[in-house]
Amino acid sequence: MYLSIIFFPLLSFTISLCFGRYLTPRGTAFVSVSCIFFSLLFSLLPFYEIGFCRCPVYIRLLPWIDSELLDASWGFVFDSLSISMSVLVTCISLLVHVYSASYMSHDPHQSRFMSYLSLFTFFMLMLISSDNFLQLFFGWEGVGLCSYLLINFWFTRLQANKSAIKAMVINRIGDFVLTLGILSVFVIFKSLDFSVVFSLLPYCFEYNLSFFGLKVNCLCMISVFFFVGAVGKSAQLGLHTWLPDAMEGPTPVSALIHAATMVTAGVFLIIRCSPLYEHSISVLFIISFIGVLTSFFAGTIGVFQNDLKKIIAYSTCSQLGYMIFACGLSNYNISIFHVLNHAYFKALLFLSAGSIIHSLSDEQDIRRMLAFKRYCLLPILWLLLAL
């Protein structure tokens with residue numbers, strides 16, 4: 001049942017990609033929606049078992065890399081954090097799949113689009129359920145790949161190409177530093193498993209490395225590396241410019257990736273590595289400072305935007321700043337609560353924006369949307385935009 005949560009989206013991707021041309025668009029949408037629905041169903045049942053009965057589950061599936069000290073396997077851990085994120089990812093993905101079945105029905109490449117959405121869901125579930133840093137990095141890079149494919153879905157548009165390349169390049173900065181952090185973990189702890197690394201933290205508190213004649217605390221160094229990786233993925237100040245430009249993809253992409261799930265991967269990494277950060281107090285101050293700056297900076301920029309989707313994108317940056325700030329204050333439970341809360345309302349905001357844009361013949365400039373009040377079905381939306 002637990003593995004079904006992860007592998008149903010992979011099944012949906014395989015069927016949509018390999019047999020999409022033989023299925024009708026409705027058939028492809030039905031298969032994709034059905035697989036994601038079963039994945040959500042199988043995540044709700046363990047949510048009761050783990051969340052309320054407090055019975056976490058660990059599954060070691062297959063060996064992966066076994067070379068000298070490096071022993072990394074395909075393992076999955078389902079605790080309160082991962083199962084909460086699993087319910088979030090599958091629920092938002094189901095809403096987006098259902099929405100995309102109608103929104104992309106006119107597109108001749110709908111089966112490819114649905115397959116990309118399912119593949120993204122699979123990689124995100126791999127990321128949040130992994131039991132070691134190497135498997136987490138596998139899911140981390142997978143969602144980055146799917147982000148590039150989905151932003152560049154309409155590849156005949158020059159702006160979509162530029163936005164996809166920009167998102168990929170900027171995320172590579174954070175991913176490179178995250179790779180340095182994972183390598184540092186292996187050098188110091190001789191393992192990549194979460195349970196082994198976190199259990200050895202108290203014994204490495206005073207461990208220092210010499211770097212150009214300077215002594216650097218190893219735990220602070222690893223914490224900084226992981227935080228820079230989270231900055232790139234969660235669009236914090238300095239590496240935030242890719243997120244507003246990523247709005248060139250279809251609106252369901254914005255709802256799934258750039259508002260609800262992928263951008264929270266950085267926050268998830270910080271929360272997952274919270275034992276590490278609790279041994280690095282100075283890094284927590286940096287995290288809270290960057291979170292506050294991002295929240296204020298992105299919120300201020302969003303006030304002066306005219307593009308409807310970019311307004312919501314900068315709002316996402318601002319809300320992610322709140323989550324990072326809560327982590328910097330060691331309030332990880334508040335941060336994960338806001339992650340779940342923000343994902344639902346921001347995904348609905350993007351889907352509502354897609355409905356507005358679709359009804360106005362792909363018009364995204366809010367300065368041209370004041371005619372909402374003339375239509376009997378859209379006065380409330382016009383009032384919300386005016387506010």
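Helices here are DSSP runs of at least four residues, numbered from the N terminus. With that in hand, welcome to a short tour of a predicted model.

**Aromatic pairs**

Let us start in helix H13, which covers residues 281-303. Phenylalanine 285 and phenylalanine 289 are four residues apart in this helix, so about one helical turn separates them. How exposed are these two residues? Phenylalanine 285 has 60% relative accessibility and therefore counts as exposed, the cut-off being over 50%. Phenylalanine 289, at 45%, counts as partly exposed.

Across the whole structure, a search turns up 18 aromatic pairs. A pair of aromatic rings is described by the distance of the centres and the angle of the planes. Two of the pairs are set out below, with the phenylalanines of H13 in the second row.

| Pair | Centre to centre | Angle between planes | Class |
|---|---|---|---|
| Phenylalanine 122 and phenylalanine 123 | 5.4 Å | 55° | tilted |
| Phenylalanine 285 and phenylalanine 289 | 6.5 Å | 15° | stacked |

Are phenylalanine 122 and phenylalanine 123 buried or exposed? Both are buried. They also belong to a cluster linked by ring pairs, whose other members are Phe7, Trp64, Trp74, Phe76 and Phe138.

**A hairpin leading to helix H8**

Next, have a look at strands E3 (residues 208-211) and E4 (residues 214-217). The two run antiparallel and are joined by four bridges. Serine 210 stands opposite lysine 215, a residue of E4. Together the strands make a hairpin with two residues between them. One residue in the turn, phenylalanine 212, has a positive phi of about 55°.

Asparagine 217 brings us to helix H8, as this residue caps the N-terminal end of the helix. One of its side-chain oxygens lies 3.1 Å from the backbone nitrogen of leucine 219. H8 itself spans residues 218-233, 16 residues in total. From first C-alpha to last, the helix reaches 23 Å, close to the 22 Å expected at 1.5 Å a residue. H8 is mostly covered, with 13 of its 16 residues buried. After the helix comes alanine 235, whose phi is positive, near 55°.

**Cysteines**

How many disulfides does a search of the whole structure find? The count is zero. Cysteine 18 is in no disulfide, and the nearest cysteine sulfur, belonging to cysteine 35, is 13 Å away. A disulfide would need the two sulfur atoms within 2.5 Å. With 44% relative accessibility, cysteine 18 counts as partly exposed. Cysteine 91 is in no disulfide either; for this residue the nearest cysteine sulfur is again that of cysteine 35, at 17 Å.

**A proline in a loop**

Our last stop is proline 108. Where is this residue placed? Proline 108 sits in the loop between helix H3 (80-103) and helix H4 (110-129). Its relative accessibility is 73%, so proline 108 counts as exposed. Although proline 108 and proline 25 are 83 residues apart in sequence, their C-alpha atoms are 8.6 Å apart in space.

Key
Residues numbered from 1 in each chain as written. Predicted model: local features only at pLDDT ≥ 70, side-chain atom pairs only at ≥ 80, totals over all residues. Heavy atoms only, no water. Phe/Tyr/Trp six-rings, centres within 6.5 Å; stacked < 30°, edge-to-face > 60°. Buried < 20%, exposed > 50% of the residue type's maximum accessible area, 1.4 Å probe, protein only. Expected span 1.5 Å × (residues − 1). Polar contact = N/O pair within 3.5 Å; in protein donor to acceptor, adjacent residues only side chain to side chain. Pairing = 2+ DSSP bridges.
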